[in-house]
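Please open the model in a viewer and keep the selection panel at hand. The tour below proceeds stop by stop, stating at each one what to select and what is found there.

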Amino acid sequence: MANKSKAINWFLHRITGTFLVFLLITHFWVQHYDSQVASISKTVVTQEQTTPEYPNEAQEAVEARFAPGEVDGYYNEDGSVTPYGVVMLRLADPVYAVLWKGFNILFLIVALHHGFYGLNNVLTDYIRNDMGKMVAKTLSWSLALVLLVIGLYSVITAGW
Amino acid sequence: MQLNVEIKRYNPEADDAPHWESYEVPADPLDSALSLLLHVKWHIDGTLSLRKSCAHGICGSDAMQINGENKLACSVLVQDLVDSDGETVRFAPLPSAPVIKDLVIDQSRFFEKYRSVKPWLINDEPAPERERLQSPEEHEMIEDATKCIMCGACTHACPSTWADPDYLGPAAMLKAYRYTFDSRDRGTDERLDVVDSEDGLWKCYTIFNCNQACPKEIDITRWLSALKRKAVTS
């Protein structure tokens, strides 16, 4: 009986699962605990009391990028940065933006593969006829593709 | 002690659907669960149908659901099922299996899957003068898997089997492991063709229900994972 091996998808599911552990920890850390990791934009924009330790050119680039009034939506009423603001400042960073965009694109691809492979397993567990399986697979992977395009567009254009 | 024994009865010639019936059964804490059923059959209702043969955990014929868990009726003691007098022990056929009558299930599909993985030694090399030798170390690889008595407790404890009747199931794939990892066997490719399929290895989500159900305490999930690695690297 000749079969197309399903081993590669199962193996990739393990690999993406392992990646997700580290990507999620990093995401959680920089989003909720230490949003200044590899982000000089936030330091400049929030005008911390201490002088930031980075080159003057970088500081000028950030100040040029965020003209007065442009970052209004990034703040809560108490002056703290919104979660949206944290993300946008990181993705607009003159030094580290490429790093974070790369990180987010990797995160996006890995999470989509992992999630939709799992979803397809569930679908093929419960859908018994071949036509139904094919329709479910086509629809779910098409949805993954649409989410990939939207995600890539959002990450690449944000802050630039 | 006196126990309330509930049995899921079904006679396709008379019943529209399975239903529960209760029986008062005298028991000793050191009796097996099977003895409760035999008391019902021999002294209360002779129409009760169940499979049993050796009654010593070897033939694997009396696997059923007891108090919600798949077990061999002959290998579980009353004292491990109830704490005190008057409690209830519930018997049902293995879940998801087609029922022929009462606790007797139709195992034809189960053995069809078993045969599909070619559970025999495949080796076309010329036979040696005496026998195909195997070292103790080589045997150790498969020893745990050789303990399987084909009772079906694992396969019918697996949610993938419940969801997908075509899923090969842990019992059949454990046999595939047992022969694929036998140092004397040369049939790896033929067997991987069967287990590396949509209804095969990849529907094992390592839920460990099979390990929990196995009356021989075989580490089934571990051996299926070894078979998955073999499929990935082959």
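Begin with the hairpin of β3(B) and β4(B), bearing in mind that the model is predicted. The two strands of this hairpin are separated by two residues, and B:Asn67 adopts a positive phi near 50 degrees.

**Stop 1: strand β3(B)**

Select residues 63–66 of chain B, which form β3. Display the side chains: B:Ala63 and B:Gln65 point one way, B:Met64 and B:Ile66 point the other way, and all of these residues are buried. In a regular strand, side chains alternate between the two faces of the sheet.

Now add residues 69–72 of chain B, strand β4, which runs antiparallel to β3(B) and is joined to it by four bridges. Within this pair, B:Lys71 of β4(B) stands opposite B:Met64.

Next add residues 88–92 of chain B, strand β5, which also pairs with β3(B) in the antiparallel sense, here over two bridges. Two positions merit labels: B:Ile66 has B:Phe91 as its bridge partner in β5(B), and B:Gln65 stands opposite B:Ala92.

**Stop 2: the whole sheet**

Extend the selection to the open sheet of five strands in chain B, ordered β2-β1-β5-β3-β4 with mixed pairing. Which strands stand at the edges? They are β2 (19–26) and β4 of chain B; each has a single partner strand, so one side of each lacks a neighbour in the sheet. From one strand to the next, the twist averages 35 degrees.

To see what lies across the sheet, select residues 33–44 of chain B, helix α1. This helix lies across β1 (2–9), β2, β3 and β5 of chain B and runs at about 95 degrees to β2(B).

**Stop 3: the two domains of chain B**

Colour chain B by its domain assignment: domain 1 covers 2–105 and domain 2 covers 108–233. The C-alpha centres of domain 1 and domain 2 of chain B lie 29 Å apart. Between them, 14 residues of domain 1 of chain B are in contact with 11 residues of domain 2 of chain B. On the domain 1 side, β4(B) gives the most, with four residues. By class, that side of domain 1 has seven nonpolar, five polar and two charged residues.

**Stop 4: B:Leu201**

Centre the view on B:Leu201, in the loop between α6 (188–195) and α7 (209–213) of chain B. Is B:Leu201 buried or exposed? B:Leu201 has 24 other C-beta atoms within 10 Å; a residue counts as buried at 20 or more, so B:Leu201 is buried.

Leaving aside residues up to four places away in sequence, B:Leu201 touches B:Met173, B:Val195, B:Asp196, B:Leu224, B:Leu227, B:Lys228 and B:Ala231. One of these, B:Leu224, is 23 residues from B:Leu201 in sequence, and the two are 7.4 Å apart in space, C-alpha to C-alpha.

**Stop 5: chain A and its contact with chain B**

Finally, select chain A, whose secondary structure consists of six helices and zero strands. Of its 160 residues, 14% count as buried. Among contacts in chain A between residues at least 6 apart in sequence, 61% join residues at least 24 apart.

Show both chains together: 10 residues of chain A are in contact with 13 residues of chain B. On the chain A side, α1 (7–32) and α5 (97–126) of chain A each supply at least two residues. By class, this side of chain A has five nonpolar, three polar and two charged residues.

Definitions and conventions
Residues numbered from 1 in each chain as written. Chains lettered and ligands numbered in written order. Predicted model: local features only at pLDDT ≥ 70, side-chain atom pairs only at ≥ 80, totals over all residues. Buried ≥ 20, exposed ≤ 12 C-beta atoms within 10 Å, placed from the backbone. Pairing = 2+ DSSP bridges. Contact = placed C-beta atoms within 7 Å. Nonpolar A, V, L, I, M, F, W, Y, C, P; charged D, E, K, R; others polar. Axes fitted to C-alpha atoms, helices over the stretch in contact; angles between N-to-C directions. Domains from an automatic or database assignment.
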